[in-house]
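Q: Could you take a close look at one part of this model for me? I'd like to hear where the residues sit and what their side chains touch.

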Amino acid sequence: MLKPRPTATRELVNLDGVWKFAVEGTVGETPWTGPLDTPLEAAVPASYNDLFTDSAIRDHVGWVWYQRQVRVPRGWEGDRAILRVDAATHRGRVYVDGALVAEHIGGYTPFEADITDHIRPGQEFRLTIGVNNELTNTTIPPGRITVSQDGRRTQTYLHDFYNYAGLARSVWLYSVPAVHIADITVVTGLDGTTGTVDYEVTTSMTAPVRVRVLDPSGDEVAVSDGASGTLRIEDVTPWRPGAAHLYDLVAEVMDAGDVVDTYAQPFGVRTVEVRGAQFLINGEPFYFTGFGKHEDTPVRGKGHDDAYLVHDFQLMEWAGANSFRTSHYPYAEEVLDFADRHGIVVIDETAAVGLNLAVEGGLTGAPVRPTFSPDTINDDTRAAHARAIRELIARDKNHPSVVMWCIANEPSSNEEGAREYFEPLLELTRKLDPTRPVCYAAVMFATSDNDRIADLFDVLCINRYYGWYIATGDLATAERYLEGDLRGWAAKFGKPIIMSEYGADTLQGLHSVWDQPWTEEYQAAYLAAYHRTFDRIEEVVGEHIWNFADFQTSNGIHRVDGNRKGVFTRDRRPKAAARALRARWRGLDGRK
Ligand code: GCB
């Protein structure tokens, strides 16, 4: 799925702004058949939850409605008009005037509708988007809806971030010529000083295709005819962590010597490989430093924001982070484009978080209900999970920054049924993209002894909280536990290990001379204990702290206005640990 871009043959209209907004039940049964009769307006892109003061909106479970008028540019006669929603969390329905043109389930990947037959160039139409935030045992992520004693429907879920919903990313209208480029896939390799570029261009109808590779100054460095093939770039400049270099693959659809459609796909030439216990980028060992992040800011919720985008990347660079994980869902495409342009490495994750009913049992880890069963995580969940993987790879396959797929966070991988559930999903991921390693992030209940799926994956991503949830406040014991645990995985599997989560909640401004949880000193000491341990274990090839910044969660006795494990506060101010981190990571510079 191509990101919409304006080209010589395509136009792009951004539909962000303030839309009419209403909650289901306040505007009649069929809000899409006419103008929404509502006093409310909502910003797009933004999650709607924190925009309003009314808790009935914030906590609403079900549909909400967004509406605006859209004028189609008058020059679009003869072109196809495509409406694209970058994300509707978690389910979207799009109506053009009264006609349903698209429906999509899955809150973090885009979807489109060809609306040519419903609109007229130069004329206006009424665009209505219904968005539903319900999570059930067959959605990704899963959740459960219960009815409270006073009859309210309430949403519960097993993941530790607020269930923000709405139109958190941009909405677009764009044109493509009748015969157009539908998709482009680029796979790169390095052959000495030559870059190889396997490409495939899909068109809406069979038509002659020409491709050219342009370097950043616009000079043509390779050219070919045909919808697929291999191009060679002599004296290539590879894309490297910390030193991005992007080329454009310009695809053109030809008709009797005329270019009828053109699209420029940015790409970088780089290779990724797991060899033994090493993670190699361009054949060189790479050590991940960075964070698990969230798309989370005050007021906007998960709404994409370019100012936070730039600032977050500045802070990561300041700290010496060379990478991050898109925990726990695919992020806005703007984030990956930015990472591509700035040489930041990404572990790209699906929204499969909370496939773990053991969490219901608290820290005992004893499942109160089986995770994998016909009534809980079942075949329909797996089908939704497979769709999430397909859509993630379709969207992100051409990003050089993306070096690994993470297909789940903290599934119950030690429980019966885990292998049966995951084996086909892993097979699917490898079929869709044979070039990138695949991982999942292992929960603390899953150990090297009882985990049932680790051998299937390429890299062991491990989340641990010794010194926080276990051995709280006792870093000496925590360090021992951690070392024994990591050495167990290393000895059994001989694969690279990334510590994909470790962290301690920290209240900015709270201090102590003792090792006291929640203080700034404790977070710094906790991280230092982990770092000492990583430096003793060869198989550890990366450290991603939980979390980059404090973030909002649902209510809970462990949460103080959200999760406070950020190295930065929610408004992006550094806690004491940030400077120690900067000293360590800038010294490591991608190597341990
Ligand atoms: C985890 C989860 C993450 C939580 C974190 C925590 O293991 O993967 O989503 O936020 O722990 O702070 O408890």
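A: Here's a walk through strand β26 and the loop that follows, with a couple of other spots for context. Keep in mind that this is a predicted model.

Let's start with Arg325, which lies in strand β26. That strand covers residues 323-325. Arg325 comes out at just 1% relative accessibility, and since buried means under 20%, Arg325 counts as buried. Its side chain has a partner, too: a polar contact of 2.8 Å links Arg325 to the side chain of Glu501.

Now step into the loop between β26 and α3 (333-342), where you'll find His328. His328 has a relative accessible area of 5%, so this residue is buried under that 20% cut-off. The side chain of His328 makes a polar contact with that of Glu349, at 2.8 Å.

For a surface view, look at helix α5, which runs over residues 418-432 and holds Glu423. Glu423 is partly exposed, with a relative accessible area of 37%. Glu423 also belongs to a patch of negative charge on the surface, gathered together with Glu416, Glu420 and Glu427.

One last stop is Gly28, in the loop between β2 (17-23) and β3 (41-44). Its relative accessibility is 48%, which falls between the 20% and 50% cut-offs, so Gly28 counts as partly exposed. If you want a long-range yardstick, Gly28 and His558 are 530 residues apart in sequence, and their C-alpha atoms are 40 Å apart in space.

Conventions: Residues are numbered from 1 along each chain as its sequence is written. This is a predicted model: local features need pLDDT of at least 70, side-chain atom pairs count only at pLDDT 80 or more; totals for chains, interfaces and linings use all residues. Side-chain values use heavy atoms; hydrogens and water are left out. Patches are made of residues with over 30% relative accessible area and no salt bridge: like charges are joined within 9 Å, nonpolar side chains (Val, Leu, Ile, Met, Phe, Trp, Tyr) within 5 Å. Accessible areas come from the Shrake-Rupley method with a 1.4 Å probe; for residues, only the protein chains shown count as cover. A salt bridge is a side-chain nitrogen of Lys or Arg within 4 Å of a carboxyl oxygen of Asp or Glu. Lys and Arg count as positive and Asp and Glu as negative; His and the chain ends are not counted. The place of a charge is taken as NZ of Lys, CZ of Arg, CG of Asp or CD of Glu. Helices (H or I, at least four residues) and strands (E, at least two) are DSSP runs, numbered from the N terminus. Buried means under 20% relative accessible area, exposed over 50%, partly exposed in between (1.4 Å probe, protein chains only). A polar contact is a pair of N or O atoms within 3.5 Å; within protein, one must be able to donate a hydrogen and the other to accept it, and residues adjacent in sequence count only if both atoms are side-chain atoms.
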